[in-house]
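Reader: Could you walk me through this structure and show me where each label comes from? I'd like to see how the numbers lead to the words.

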Amino acid sequence: FDFSKLIARVFALAHIDVLFYWKNGLFLNYQGEKDHDKEIAFVDWKPRGCRLSIQVRADRTSYEHRELIFLRLLVEMIESILESFYPGIQDGIQRLVPCCHCIESGDILLGPYFFTYEECVSAVTNGK
């Protein structure tokens, strides 16, 4: 994965300020059209383990309204890069989503439980 492709695309997006960037990371600020659309993201690429991590922090109002626009925007951008430059790789990618309840409990020793992306989509589709 060429992380520089992601850096280049982020610079071209409206409503996103690149606060810091380096060879394998980005620290971004998103200010949407609504007052409560304020989100911050940390994107970290670990080439040795071939792992991309996205962490987004949002105001409580964004979280409660389930409008985490910035996370969706980043995931769609990364998927677009993968489809364009690395066709066929999508099948071998494992997408994991941490449990928000585990994160809120703050158990540092155990860490959060990770759901697969497919489990999350299924839960939302089935109204769980």
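Author: Let's start with one rule: with a 1.4 Å probe and protein chains only as cover, a residue is buried under 20% relative accessible area, exposed over 50%, and partly exposed in between. You're looking at a predicted model, where local features need pLDDT of at least 70 and side-chain atom pairs need 80 or more, while totals for chains, interfaces and linings use all residues. Residues count from 1 along each chain as its sequence is written, and side-chain values use heavy atoms, leaving out hydrogens and water.

Reader: So why does D2 count as partly exposed?

Author: D2 has 30% relative accessibility. That value falls between the 20% and 50% cut-offs, so "partly exposed" is the right label. K5, at 24%, is partly exposed too.

Reader: What makes D2 and K5 a salt bridge?

Author: Their side chains meet at 3.3 Å, N to O. A salt bridge needs a side-chain nitrogen of Lys or Arg within 4 Å of a carboxyl oxygen of Asp or Glu, so this pair passes. In general, side chains of opposite charge can pair when their charged atoms come close. The whole structure has four salt bridges.

Reader: What about D44, is it buried or exposed?

Author: D44 is buried, since its relative accessible area is 13%, under the 20% limit. D44 forms a salt bridge with K46, with 2.6 Å between the closest N and O atoms. K46, at 42%, is partly exposed.

Reader: Which parts of the chain does the salt bridge of E79 and R95 link?

Author: That salt bridge has an N to O distance of 3.2 Å. It links distant parts of the chain: E79 sits in helix α3 (residues 69-85), and R95 is in the loop between α3 and β5 (96-98), 16 residues apart. R95 is partly exposed, because its 21% lies between the two cut-offs.

Reader: How do you know that E39 has no salt bridge?

Author: The nearest side chain of opposite charge, R72, is 8.9 Å away; Lys and Arg count as positive, Asp and Glu as negative, with His and the chain ends not counted. The salt-bridge limit is 4 Å, so E39 and R72 don't make one. E39 is buried all the same. A polar atom of the E39 side chain does lie 3.5 Å from the backbone nitrogen of F70.

Reader: Where in the chain is E39 placed?

Author: E39 is in strand β3 (residues 38-46). Its C-alpha atom is 4.3 Å from that of A58, 19 residues apart along the chain. A58 belongs to strand β4 (residues 51-58) and is partly exposed at 31%. Strands are DSSP runs of E with at least two residues, and helices are H or I runs with at least four, numbered from the N terminus. The protein chain has five helices and six strands.

Reader: Why is F20 called exposed?

Author: F20 has a relative accessible area of 55%, which is over 50%, so it's exposed. F20 lies in strand β1 (residues 16-22). Together with L19 and W22, F20 forms a nonpolar surface patch of about 320 Å² accessible area. Patch members have over 30% relative accessible area and no salt bridge; nonpolar side chains (Val, Leu, Ile, Met, Phe, Trp, Tyr) are joined within 5 Å, like charges within 9 Å.

Reader: And how much of the protein chain counts as buried?

Author: 21% of its 128 residues.

How values were computed. Areas by Shrake-Rupley, 256 points an atom, 1.4 Å probe, with all protein chains shown as cover. Polar contact = N/O pair within 3.5 Å; in protein donor to acceptor, adjacent residues only side chain to side chain.
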